[in-house]
Amino acid sequence: RGRQSFILSDPPVITHWASVAGKKESEGPLAHTFDIKSQDTYFGQKTWEQGEKQMQKASTDLCYGIYDQVAGYSMSYSQYVNDEEWGWSGENAFGVIDHLNTALDFSWLKVLIVVYVIVVGPVLYLLLCKMKKRDWYWLGVPALGIIFIGVVFIGGRNLKLHETRVYSVTAQQADGKSTTGITTYYNAYHSGVKPWKVRLNDNYAYGGSGLSESYSMASSGRVYADRYHYLVEYDRGLSLGVKPQSNFENAYLFAAGTAKGCGSIDTSGLVLTQQKQGGSITNNTSYDFPYLVCVSDDTVMVFSDVKAGETITIDGKSKKPLLSQQISYFDDVYSVLSQDNMNGNTYSYKHKDMAAALYLGLCQIRRQNDVSGTVVVEGVTADYGKTIESRCSEISFGCLYTIAGQEVSHASN
């Protein structure tokens, strides 16, 4: 319009935003609205100008990282959190891990109830009879009841969750390089409704939450929350957390960074279809794998107890697979890894939490890579190491993987 104005056919809109603040702003009344708050005015740089540059870069990285690019890599973050099947199966997989690692022993309570019944019944009655105070029985019973409740209350306090409980599943490519990228999914919770956060190791650069613009990814009942329901802060390290709306509310979090290389998983002549299987896999990492899974477009095969340095063949001659199952969709993988019996085939997982971690690792791998027409080989270990620096109760799993091309010419029926 005219010589100095333009009318765009598609007007620009704001899709993402992020805010970064320094020490002074962080002490003000809007502190709770900033995505990143630093107590270092220079943001770790030597000059004010370099600090300003780092500040602007951090806000840009947040826009592209937390909400779209970094958290999902090949799959946008909005797709990741709106993936209904992942929301259901991912929540269930983390639920399996949590259930198997939080078993509480209530045998003491059973003993206490038996003791209470005996004491409040014949023991109290006989004692009062001996004292010739049977009329006190109506006072003794409620008094002992109050004492019993007090003992149970004190004993129950010992079961209180004093530290944030965290389950982490990290996917790392075992390609023999000295440094590789890592992605980690978290399920964390704490007792109470006070905001909490955990600081990740220094090798994590980006983080986010399983939170779309309308609901928490896999919270029971799709808990609605605003943008500030989750906490993402960077102050000499990345911290993730949540402002819970209920006691023991699950927080599903995500982080990405780099780590020291873990060795390699090497394949030779690998092919995996329903009609043909062939080739070999060598675990050249330093980890023993309680389970190793191979996934192609139409087949899932699981091996157990693959030691560091061990070579196995897909045809089952060196080590019989725990199971080999046809699949139609990737979603079928969760069913295969979570059930003990399928289509008449019976098998048993000694460590079902690791089988659940295998699936969570596969989800990360598929979101970072185009695996169509390939074989994903993934081993799981519970000796991967902690991913969180601050004090918490963390149980971590590592999923080390490689992606191999199908080499049909080497296959056997």
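Val119 touches Leu124 and Leu144, residues up to four places away in sequence being left out of the count. The model in which these contacts occur is predicted. Val119 is found in helix α6, which spans residues 107-130. The residue is partly exposed, at a relative accessible area of 30%. That value places Val119 in the partly exposed class because it is neither under 20% nor over 50%. Val141 follows 22 residues along the chain from Val119, and the C-alpha atoms of Val119 and Val141 are separated by 9.3 Å.

The chain as a whole has nine helices and 19 strands. It comprises 413 residues, of which 43% count as buried. Its accessible surface comes to about 22000 Å². Carbon and sulfur atoms hold 54% of that surface. Among the contacts with a separation of 6 or more, 65% are made by residues 24 or more positions apart.

Aromatic pairs were examined next. The structure holds five of them. In one, the rings of Phe94 and Tyr252 have their centres 6.1 Å apart. Their planes stand at 55°, so the pair is tilted. Phe94 belongs to helix α5 (residues 84-101), and Tyr252 belongs to strand β9 (residues 251-260). The pair therefore ties together parts that are 158 residues apart in sequence. Phe94 counts as buried, at 1% relative accessibility. Tyr252 is buried as well, with a relative accessible area of 3%.

Tyr185 and Phe254 form another aromatic pair. The distance is 5.7 Å centre to centre, the angle between the planes is 55°, and the pair is tilted. Tyr185 lies in strand β4 (residues 179-189), whereas Phe254 lies in strand β9. This pair therefore ties together parts that are 69 residues apart in sequence. Both Tyr185 and Phe254 are buried. Strand β9 thus contributes Tyr252 to one pair and Phe254 to another.

Gln172 lies in strand β3, residues 165-173. Its relative accessible area is 1%, and the residue is buried. Residues up to four places away in sequence aside, Gln172 touches Thr180, Gly181 and Ile182. Its contacts also include Ala259, Lys260, Gly261 and Cys262. Tyr384, Cys399, Leu400 and Tyr401 are touched too. Of these partners, Cys262 is itself buried, with a relative accessible area of 8%.

Cysteines were also considered for covalent links. The structure holds zero disulfides. Cys392 is buried, with a relative accessible area of 17%. That figure is under 20%, so Cys392 falls in the buried class. Cys262, at 8%, is buried too.

Strand β15 covers residues 323-326, and its side chains alternate. Leu323 and Gln325 point to one face and are buried. Ser324 and Gln326 point to the other face and are not buried. Strand β15 pairs with strand β13, which runs over residues 299-306. The two strands pair in the antiparallel sense, over four bridges. Within this pairing, Thr299 stands opposite Gln326 in β15. Gln326 is thus one of the residues on the face that is not buried.

Key: Residues are numbered from 1 along each chain as its sequence is written. This is a predicted model: local features need pLDDT of at least 70, side-chain atom pairs count only at pLDDT 80 or more; totals for chains, interfaces and linings use all residues. Side-chain values use heavy atoms; hydrogens and water are left out. Buried means under 20% relative accessible area, exposed over 50%, partly exposed in between (1.4 Å probe, protein chains only). Contact means heavy atoms within 4.5 Å. Two strands pair if DSSP finds at least two bridges between them. A disulfide is a pair of cysteine sulfur atoms within 2.5 Å. Accessible areas come from the Shrake-Rupley method with a 1.4 Å probe; for residues, only the protein chains shown count as cover. Rings of Phe, Tyr and Trp (its six-membered ring) pair if their centres lie within 6.5 Å; planes under 30 degrees apart count as stacked, over 60 as edge-to-face and the rest as tilted.
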